[in-house]
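Work through the exercises below with the sequence and the 3D structure side by side. Try each task before reading its solution.

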Amino acid sequence: MDVTCGSIRGMGYSMTPTIVSLTGACGLRILWIYTVFRMNRTLFTLYLSYPISWIVTFVFHLICFTIFYKRLKSGSTKRMKLSKATAAHSH
């Protein structure tokens, strides 16, 4: 969860991983307490919210990472093509 979050921040996107982390780590756990834990009030059920929220948050971070990586990669490919075209015309 933290590696993908840091990778997205390293690509220059800081707001998205912050929102995903807060929603996944905090929001999902609160939702868990009001739904699943309410139906089965055991310590195991409460503790289960941690790995589940980590996994769900990681999946959403991975989706965001894939989107931003493709966007970053396509932007660098366009810049390379543009610089090659500019270099060819300048000679």
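**Exercise 1. Is C64 buried or exposed, and why does its sulfur form no bond with the closest cysteine sulfur?**

Solution. The model is predicted, and every value below is computed from it.
Step 1. Begin with the relative accessible area of C64, which is 14%. Buried means under 20%, so C64 is buried.
Step 2. Next, find the closest cysteine sulfur: it belongs to C5, 9.8 Å from the sulfur of C64.
Step 3. Compare this with the cut-off, since a disulfide needs two cysteine sulfur atoms within 2.5 Å. The distance of 9.8 Å is too far, and therefore C64 and C5 are not bonded.
Step 4. Check the whole structure: the number of disulfides is zero.

**Exercise 2. State how many helices and strands the chain has, and describe its surface and contacts.**

Solution.
Step 1. Count the elements: there are four helices and zero strands. Along the sequence the pattern reads α-α-α-α.
Step 2. Turn to burial. Of the 91 residues in the chain, 22% are buried.
Step 3. Take the accessible surface, about 6700 Å² for the chain. Carbon and sulfur atoms account for 72% of that surface.
Step 4. Consider contacts between residues at least 6 apart in sequence: 69% of them join residues at least 24 apart.

**Exercise 3. Place S21 in its helix, classify its burial and list its contacts.**

Solution.
Step 1. Locate S21: it sits in helix α2, which covers residues 15–34.
Step 2. Classify S21. Its relative accessible area is 18%, so it counts as buried.
Step 3. List the contacts of S21, leaving out neighbours within four places in sequence: C5, C26, T57 and H61.
Step 4. Look at one of these partners, C26. Because its relative accessibility is 40%, C26 counts as partly exposed.

**Exercise 4. Which side chain of opposite charge is nearest to R29, and how far away is it?**

Solution.
Step 1. R29 lies in helix α2. Its relative accessibility is 19%, so R29 counts as buried.
Step 2. The nearest side chain of opposite charge is that of D2, at 9.1 Å.
Step 3. A salt bridge requires a nitrogen-to-oxygen distance within 4 Å. R29 has no salt bridge.
Step 4. Not counting neighbours within four places in sequence, R29 is in contact with G24, S49, Y50, S53 and W54.
Step 5. For a distance along the backbone, use I52: its C-alpha atom is 8.9 Å from that of R29, with their positions 23 residues apart in the chain.

**Exercise 5. Describe the surroundings of T45 and of M1.**

Solution.
Step 1. T45 is in helix α4. At 5% relative accessibility it counts as buried, because the limit is under 20%.
Step 2. Beyond four places in sequence, T45 touches W32, V36, F37 and N40. The C-alpha atoms of T45 and I33 are 9.0 Å apart, and these residues are 12 residues apart along the chain.
Step 3. M1 lies in the segment before α1. Its relative accessible area is 27%, so M1 is partly exposed.
Step 4. With residues up to four places away left out, M1 touches W54, T57, F58 and H61. For H61, the C-alpha separation from M1 is 6.9 Å, although the two are 60 residues apart along the chain.

**Exercise 6. Which residues form the nonpolar patch on the surface, and what is their accessible area together?**

Solution.
Step 1. The members are I55, F58, V59, F60, L62, I63 and I67.
Step 2. Together they have about 610 Å² of accessible area.
Step 3. Take I67 as one of the members: it is in helix α4, residues 43–90. Its relative accessibility is 44%, so I67 counts as partly exposed.

Definitions and conventions. Residues are numbered from 1 along each chain as its sequence is written. This is a predicted model: local features need pLDDT of at least 70, side-chain atom pairs count only at pLDDT 80 or more; totals for chains, interfaces and linings use all residues. Side-chain values use heavy atoms; hydrogens and water are left out. Helices (H or I, at least four residues) and strands (E, at least two) are DSSP runs, numbered from the N terminus. Buried means under 20% relative accessible area, exposed over 50%, partly exposed in between (1.4 Å probe, protein chains only). Contact means heavy atoms within 4.5 Å. Patches are made of residues with over 30% relative accessible area and no salt bridge: like charges are joined within 9 Å, nonpolar side chains (Val, Leu, Ile, Met, Phe, Trp, Tyr) within 5 Å. Accessible areas come from the Shrake-Rupley method with a 1.4 Å probe; for residues, only the protein chains shown count as cover. Lys and Arg count as positive and Asp and Glu as negative; His and the chain ends are not counted.
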